[in-house]
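Welcome, and thanks for taking a look at this one with us. Please have the sequence and the 3D view open side by side as you read.

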Amino acid sequence: MTSQITIRRPDDWHVHLRDGEMLKAVVGYTARQFARAIVMPNLTPPVVNVAAGEAYRQRILDSLPAGSDFTPLMVAYLTDDADPEEIARGYEQGVFAACKLYPAHATTNSAHGVTDIRKLTGLLETMQRIGMPLLIHGEVTDREIDIFDREAVFVEQVLGPLVRDYPGLKIVLEHITTAEAAAFVEASGPLIGATITPQHLIINRNAIFDGGIRPHAYCLPVAKRERHRLAVRKAAVSGSPKFFLGTDSAPHAIGRKEAACGCAGIFNAPFALESYAKVFDEEGVLDRLEGFASEHGPRFYGLPLNEGTVTLKREEVTVPEVIAEGDLRIVPFHAGETLQWRLVD
Ligand code: DOR
Ligand code: ZN
């Protein structure tokens, strides 16, 4: 049995680092494991222009623990009236690595998101021309549509036509949760990729209702039924360069989760690599973890692979029930469980 693996330093292609005290509390967990991360812009107010992107990047750098070697990759939050020139300037100046499309009201802090993708015509043409990736929260927001179907409906009704209309646009379908999304990405050309979270590889929707309502297993897109988990898992471990690591780590203070209307989001940053290693180990393909975690993402984004390595040892590690940082208390993914892999410092 493999007792340790060493892989090229990985990146996280989708993370929420938040701001202020929460940023200071969580950024070290991401920086400890990953060389770079695509940082989601759904702050209040959202990161919509170059100045806001630069200022947020600086706040992240200022919040890093001493000695960190970590590069935040910033993302522009798209609104109905996003200015193509401003976004292109941000990309060309190296401030923005990508744009994020939140359908309005799809998830946390998405109220300023896009009400109709047709409003973005000029912008999408510009992005296609300059090679700037579009990162998509792929769920329709129609309340008539069952929450468990919102991703599959988005793939059919929005993503399919989008890919047809902009065949040269680089698109990442973020945090895929369904067989339909995995199949769509797999069948598309090389410009279409997808990120996959640890939770969607590990839990299905039963986890949200296991003996009672479990707010810490709730994120968006919501975990689906078992057959979808298996399809997403198959995609992740397939070795296909279209699928890569994106934790969607989304911390909320404990009181915001354990509430009558609890926030969506799973804080998986503290043991993210351990969590992915568990999946690749269970599938008997630990040798494919490096591609998924460290190679497919940079190749998709057209960025250099990281130098340096990280090592995981087959050693038990118990995940704390709560992570306390200053006054903040956050429940991590796998709280109270024992994992079989440990990242070596
Ligand atoms: O579960 C989620 N939490 N999904 C998202 O899309 C947003 C995120 C957050 O910001 O909390
Ligand atoms: Zn997210």
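What spacing do the donors of the zinc ion (ligand 2) follow along the chain? The pattern is H-x1-H-x231-D. Please keep in mind that this is a predicted model. The points below start at the metal and then turn to the enclosed spaces.

**The zinc site**
- Three protein atoms serve as donors to the zinc ion (ligand 2): NE2 of H14, NE2 of H16 and OD of D248, lying 2.1 Å from the ion.
- H14 and D248 bring together distant parts of the chain, being 234 residues apart.
- H14 sits in strand β2 (residues 12-15), while D248 belongs to the loop between β9 (243-245) and α9 (254-257).
- Both H14 and D248 are buried.

**The largest cavity**
- Searching the whole structure turns up three cavities of 30 Å³ or more, and the largest has a volume of about 140 Å³.
- Its lining is made up of 18 residues, of which H16, T107, L220, D248 and A250 are the closest to the centre.
- H16 and D248 are therefore worth finding twice in your viewer, as zinc donors and as residues of this lining.
- By class, the lining of the largest cavity holds six nonpolar, nine polar and three charged residues.

**The second largest cavity**
- The second largest cavity has a volume of about 50 Å³.
- Residues that line the second largest cavity include H216, A250, P251, H252 and K257, along with F267 and F333.
- The lining of the second largest cavity comprises eight nonpolar, three polar and one charged residues.
- A250 appears in the lining of the largest cavity and also in that of the second largest.

Notes: Residues are numbered from 1 along each chain as its sequence is written. Chains are lettered from A and ligands numbered from 1 in the order in which they are written. This is a predicted model: local features need pLDDT of at least 70, side-chain atom pairs count only at pLDDT 80 or more; totals for chains, interfaces and linings use all residues. Side-chain values use heavy atoms; hydrogens and water are left out. On a 1 Å grid over the protein atoms alone, a cavity is a set of points where a 1.4 Å probe fits but cannot get out, and a pocket is an open set with protein on both sides within 12 Å along at least five of seven lines; lining residues have an atom within 4 Å of a point. Grid points are joined across faces, edges and corners, and a volume is the space filled by probe spheres set on the points. Ala, Val, Leu, Ile, Met, Phe, Trp, Tyr, Cys and Pro count as nonpolar, Asp, Glu, Lys and Arg as charged, and the others, Gly among them, as polar. Donors are N, O and S atoms within 2.8 Å of the metal (3.2 Å for Na, K and Ca); water is not among the atoms, so sites may look incomplete. Helices (H or I, at least four residues) and strands (E, at least two) are DSSP runs, numbered from the N terminus. Buried means under 20% relative accessible area, exposed over 50%, partly exposed in between (1.4 Å probe, protein chains only).
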